[in-house]
Amino acid sequence: MGLRRRVWCVTLLLIFAMSLPAAAAPAPAEASQGEAQYANLPVFELHSGFWINLHHMLYGQARASRDGRGLPSVAAGTTRRTPNEELAWDNAVAYYAANYVDKDLLFSTELILLKNQLGDFEQCDELSGSKVKTCDAGLPPKLTHILNAAAVVYRAHEWPDHDRANRKWIAGVSPLVRDKGVQLSEHLAEIYQTRWPKQRIRVDVSAYANYAGAYTTLDPLRVVISSTDPRNQGSSALEVLFHEASNGIAEPVQLAINRECRQRDKAIPRDLWHALVFYTTGEVIKPVMHGLDGNGKEAYMPYAVRERLYQRGWDEYLKLLERYWQPYLDGSVTFDDAIAHMVSAL
């Protein structure tokens, strides 16, 4: 879930010969996207896309196999595969194991390009263009064959349950986004001294995302969130959504920290900016949720507190944030002073 500015150049396109579609083909009924995309939501557009889900499932199973772990808990289908289906699926997992398993979904340019391309073709029921020319995704022939073969299996078994889980997650968070989305986006952009993107941020909701349950990639800014990860459920869904989006707009914080460190001849602290984004999103979300328990205390617990992120090496960062960043959130000090004081205290 990190923030990295990537440099895109023509040579990167040699990874795939990507051709953009002139128009999207109608999707089959079981993979229909129209109902799952809430184009009228402020700030975000939410997708339950077939190819994005298939891609992450294959990647997750390949990694699980490499690491000797069980398959992702969302992998089980409701019906048994035939021998031919097992073969097609095993071939797809083996392909991902051979080509992608050692690459990170967040940092590998190849995987980022592939993810984005699959998202752009979510309305298509196959990727070769053999049925509809505009559904030629321009992927390498071997990968196209692997995905098309695995798609038949996935659509028949896991996808119906995964799509339902995605749509349920989308339906749960959408009222909060409609009600609070603009307010939260403007507030966060003001905190980070930047502007929220004019275009709605695309969020691909997937049964499986990655080990963290969500991640964000840049240029273009896109978010992937797991609909089945227990960390992303209920009232936490809104915070995860805005935390991930904040990873794409919080660059001024990272640049300010880096600048202050260089001026003071200090090593740039790893992940301070990320801890700051977690902390900020949690503090901004808390009053929005404003639920009270029987003791009169705030019932909503920010993600980083609930998941004990600060206890995993960020405890000193938490002290800095509470002492120097919180006054900025409260409006009593400036952005520059808050950053300067935090870096000075490192």
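**Buried residues and aromatic contacts**

In this predicted model, His274 has a relative accessibility of 9% and therefore counts as buried, the cut-off for that class being under 20% relative accessible area. His274 belongs to helix α8, which covers residues 272-289, and the side chain of His274 is joined to that of His243 by a polar contact of 3.5 Å.

His243, the partner in this contact, is itself among the buried residues of helix α6. Helix α6 comprises residues 236-247, 12 residues in all, and spans 17 Å from its first C-alpha to its last, a value close to the 16 Å expected at 1.5 Å a residue. This helix is mostly covered, with 12 of its 12 residues buried; they include the charged residues Glu239 and Glu244 as well as Leu238, Val240, Leu241 and Phe242.

Aromatic contacts were examined next. The structure holds 15 aromatic pairs. One of these is formed by Tyr95 and Tyr100, whose rings meet edge-to-face, with 6.0 Å from centre to centre and 75° between the planes. Tyr95 counts as buried because its relative accessibility is 14%, and Tyr100, with a relative accessible area of 2%, is likewise buried, both values falling under the 20% limit. An edge-to-face arrangement is also found for Tyr328 and Phe335, where the ring centres are 5.7 Å apart and the planes again make an angle of 75°; Tyr328 and Phe335 are both buried.

Beyond these pairs, a single aromatic cluster is formed by Phe50, Trp51, Trp89, Tyr154 and Trp159. One member of this cluster, Phe50, also takes part in a contact with a charged residue, since the charged end of Arg155 sits over the Phe50 ring at 4.1 Å from the ring centre.

A further buried position occurs outside the helices, in the loop that lies between α3 (109-120) and α4 (141-156), where Cys135 is found. With a relative accessibility of 2%, Cys135 counts as buried. Cys135 and Glu122 stand 13 residues apart along the chain, and their C-alpha atoms are separated by 9.5 Å.

Methods:
Residues numbered from 1 in each chain as written. Predicted model: local features only at pLDDT ≥ 70, side-chain atom pairs only at ≥ 80, totals over all residues. Heavy atoms only, no water. Phe/Tyr/Trp six-rings, centres within 6.5 Å; stacked < 30°, edge-to-face > 60°. Buried < 20%, exposed > 50% of the residue type's maximum accessible area, 1.4 Å probe, protein only. Lys NZ or Arg CZ within 6 Å of the ring centre and 35° of its normal. Helix = DSSP H or I, 4+ residues; strand = E, 2+ residues; numbered from the N terminus. Polar contact = N/O pair within 3.5 Å; in protein donor to acceptor, adjacent residues only side chain to side chain. Expected span 1.5 Å × (residues − 1).
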